[in-house]
Amino acid sequence: MPVYSTERLHLALKHFFGYDEFRLNQLPVIETVLAGNDVMGIMPTGGGKSICYQLPAMLLPGITIVISPLIALMKDQVDSLTANGIHAACLNSTQSPDEQRLIIEEAEKGNIKLLYIAPERIPANSASFFDFLRRLNPSLFAVDEAHCISSWGHDFRPEYLKLAVLKQNFPPVPVIALTASADKVTQDDIVQKLGIPGAKVFISSFNRANIYYYIRQKQNVVGKIADYIMKRKEECGIIYALSRAGTEEIASALKAMGINAAHYHAGLDPRERSRVQEAFQKDDIRVIVATIAFGMGIDKSNVRYVIHHDVPKNMEGYYQETGRAGRDGLKSDAILFYSRGDIIKLKKFVTIEGNTEQTAVSLQKLRQMEQFCESDRCRRQYLMQYFGEAFPDYCGTCDYCMSALEQVDATVDAQKLLSAIVRTGERYGAGYLIDFLRGSASEKIPAAHKELKTYGIGKDRKKEEWEWIVKQMFNSGYVDKSAGEYPVLKLNDKSRVILKGETPVMLTKQKEQRIDDIDEEEVSYDDQLLKELRGVRHDLADREHVPAYNILPDNSLLEMASYLPLNFDELKQVSGFGDYKAGKYGMAFLQVIQRHARANNLSSKIHLKAPKSTRKATPATTKPKSGSTFHVTLAMHKEGRSMDEIAEERGLSLSTVESHLAKFIADGELDIFSFMSPEKLNAITNAVKASGQQIALRPVKDILGDSYTYGEIRIAMEYLKSEQS
Ligand code: ADP
Ligand code: ZN
């Protein structure tokens with residue numbers, strides 16, 4: 001087998017698929033396959049498994065046979081390859097014998113590079129199947145959704161077992177098995193069943209860095225969802241609801257508010273279901289309200305948000321459903337509305353009469369779901385740890401990490417709680433004390449207690465508020481708890497100081513974020529142009545009867561609307577434009593961009609699109625190359641232009657300009673004190689320490705208040721980072 005340099009593989013990736021970079025383990029997986037070895041690749045959904053065999057298929061001399069279980073997905077893949085000018089076809093049970101014969105003929109003539117075969121199409125009599133394969137002279141076997149071969153997996157398909165003898169019959173042909181199934185037992189089983197014990201295994205992280213996770217209290221949900229969607233009318237999203245009736249109600253409420261939404265569930269007739277699915281694929285319907293039945297066969301890459309109107313039954317479901325957002329790698333939101341009421345409803349739902357074992361497992365999974373929603377910690381860390389992956393306690397892109405903490409004065413409440421503990425003789429647990437404080441009429445509270453002055457002095461607060469106060473006071477060491485099954489609250493030295501009124505009690509609380517606080521991406525693209533480009537894509541997709549994202553992914557439209565390529569050479573620098581697509585669709589997009597640029601007197605900014613080697617986030621300590629975009633900013637700064645002016649003139653966001661200059665401060669090229677006084681630097685340093693983290697600006701800004709700008713904070717933080725390293 002020929003050896004391909006990394007450089008050549010990059011060129012091939014751009015030429016055939018238009019992508020600039022490999023993702024996750026794509027590159028090592030591809031190198032291993034091309035060296036003739038068997039591989040097992042484990043990547044999360046949306047990680048980009050297909051490229052792992054599609055690129056080798058283009059470089060190997062013969063045909064690549066792909067076994068794939070879902071007919072809908074298979075069609076989608078073939079369409080998207082065809083859109084790139086690649087000869088691909090599939091064989092499945094929905095085709096007529098004539099159609100199938102035609103495809104087989106083409107394959108035998110060597111006119112097809114990738115042939116997708118549904119497992120049920122593999123004849124039971126394997127001899128004839130292998131004869132057929134032998135005539136095709138395959139270069140590579142790809143087994144997609146490889147967990148289907150394992151009875152340990154969640155989706156066992158007996159037909160997959162027929163693949164066991166592939167390797168025996170074609171020992172020199174490499175096999176690549178791909179799955180998103182993470183557990184070890186299944187992985188071992190796959191390798192063993194496929195007869196590829198020597199396969200190199202590549203496991204990618206399951207973290208979906210471009211998905212932002214949010215959990216919100218469930219109140220006035222539909223109103224909140226509508227507000228959220230109104231701000232992103234051009235974007236596509238899925239709203240999951242628990243019941244079929246729920247999907248219909250929510251969809252019609254949204255429609256009444258002028259949102260183009262449709263509902264989807266397994267009770268609809270099949271024609272209506274495929275109509276809705278297709279309209280969604282083509283961006284004709286932007287919002288789908290669905291039960292979890294929706295999504296199985298959906299491979300839409302530009303889903304920008306997934307909203308859970310109801311709490312999912314377990315973390316596996318949550319991960320899978322939220323995972324349908326952002327398969328194209330762009331920033332996407334996952335928003336979950338949480339209420340205890342949902343948990344109670346679900347408890348009944350997952351309880352199966354007469355099956356205590358299964359019920360216990362489901363209830364345990366539900367408890368973990370509840371914990372996820374209730375806990376005060378980084379959502380991503382919880383999610384990753386649930387799936388057995390270590391993760392730091394700060395991600396910067398979940399509601400917990402992004403939300404500011406606020407200090408609330410709880411002195412009076414604390415005193416009320418502590419005196420209740422004293423009056424009742426330090427013999428009761430939190431539950432009883434809260435009932436007592438709230439003046440509960442329950443018989444559990446003896447008459448003698450009902451006569452105490454502290455009885456009912458906490459009526460003004462809800463039970464949940466008191467629970468929170470007790471938890472926080474305990475965490476802060478203001479009250480003690482006895483050990484044992486029924487812990488009793490007791491005073492300690494700190495409590496006594498509080499009771500005497502000698503010290504205030506400040507508790508830390510996460511500021512409740514509203515759903516419409518969810519930040520929108522910094523906008524540097526041309527909104528009007530983006531709309532027009534979407535229109536072009538939509539028309540092309542209509543004409544060719546393919547989903548819009550098959551023409552081009554969202555990211556390509558965003559890049560065009562940001563960098564305004566004005567000729568073919570410039571256009572080819574846009575991600576998603578392989579040579580074939582640039583030739584086929586380039587003109588349609590270029591015309592619109594050129595017209596828009598002329599009408600608004602704009603010029604191309606393609607030079608701002610950093611070349612491949614510098615586009616990766618540059619650490620603070622690396623020196624920008626001379627002549628780079630950083631130096632342009634530096635030069636303008638030295639000419640005495642303000643950051644706002646530079647941003648305006650260069651068409652960059654202010655934060656980009658700030659981060660450019662910050663690099664030169666880190667470098668020592670610019671002096672930090674030409675940007676702020678030593679006092680300010682000192683205050684920011686303290687606030688950074690107090691906020692306990694080093695990436696997000698907002699917590700630091702919240703501590704410092706209005707006399708500090710984000711720009712100053714960003715610059716100071718870059719400076720501190722460089723000092724540390
Ligand atoms: P998976 O099968 O792992 O769920 P896919 O192979 O369908 O994922 O890829 C998901 C999306 O990511 C597709 O739209 C695909 O075109 C895109 N993609 C894959 N690799 C890259 C890459 N290197 N750069 C940009 N986009 C990519
Ligand atoms: Zn986080």
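This is a walk through a predicted model, from its zinc site to its nonpolar cores.

Let's begin at the metal. The zinc ion (ligand 2) is held by four sulfur donors, the SG atoms of Cys378, Cys395, Cys398 and Cys401, at 2.3 to 2.4 Å. Angles of 102 to 119° are subtended by the 4 donor atoms around this zinc ion, and that makes the arrangement tetrahedral. If you read along the chain, the donors of the zinc ion follow the spacing C-x16-C-x2-C-x2-C. Cys378 sits in the loop between helix 14 (356-374) and helix 15 (379-386), while Cys398 sits in the loop between helix 15 and helix 16 (399-402), so the pair ties together parts that are 20 residues apart in sequence. Both Cys378 and Cys398 are buried.

Now let's turn to the nonpolar cores. In soluble globular proteins, nonpolar side chains tend to be buried together. Here the largest nonpolar core has 79 residues, and Leu115 and Leu133 are the ones with the most contacts inside it. The element that gives the most to this core is helix 6 (residues 126-136), with 5 residues. Domain 1 (6-203) and domain 2 (211-386) both give residues to this core, so it lies between them.

For a closer look, pick out Leu133 in your viewer. Leaving aside residues up to four places away in sequence, Leu133 touches Ile65, Pro138, Phe141, Leu166 and Phe170. Apart from the core of Leu133 lies another core, of 37 residues, and among them are Phe17, Met74, Ile86 and Leu114.

Conventions
Residues are numbered from 1 along each chain as its sequence is written. Chains are lettered from A and ligands numbered from 1 in the order in which they are written. This is a predicted model: local features need pLDDT of at least 70, side-chain atom pairs count only at pLDDT 80 or more; totals for chains, interfaces and linings use all residues. Side-chain values use heavy atoms; hydrogens and water are left out. Donors are N, O and S atoms within 2.8 Å of the metal (3.2 Å for Na, K and Ca); water is not among the atoms, so sites may look incomplete. Four donors count as tetrahedral if all angles lie between 85 and 135 degrees; four count as square planar and six as octahedral if opposite donors are over 155 degrees apart and all others between 65 and 115; anything else is irregular. Helices (H or I, at least four residues) and strands (E, at least two) are DSSP runs, numbered from the N terminus. Buried means under 20% relative accessible area, exposed over 50%, partly exposed in between (1.4 Å probe, protein chains only). A nonpolar core is a set of buried Ala, Val, Leu, Ile, Met, Phe, Trp, Tyr and Cys residues joined through side-chain atoms within 4.5 Å. Domain bounds come from an automatic or database domain assignment. Contact means heavy atoms within 4.5 Å.
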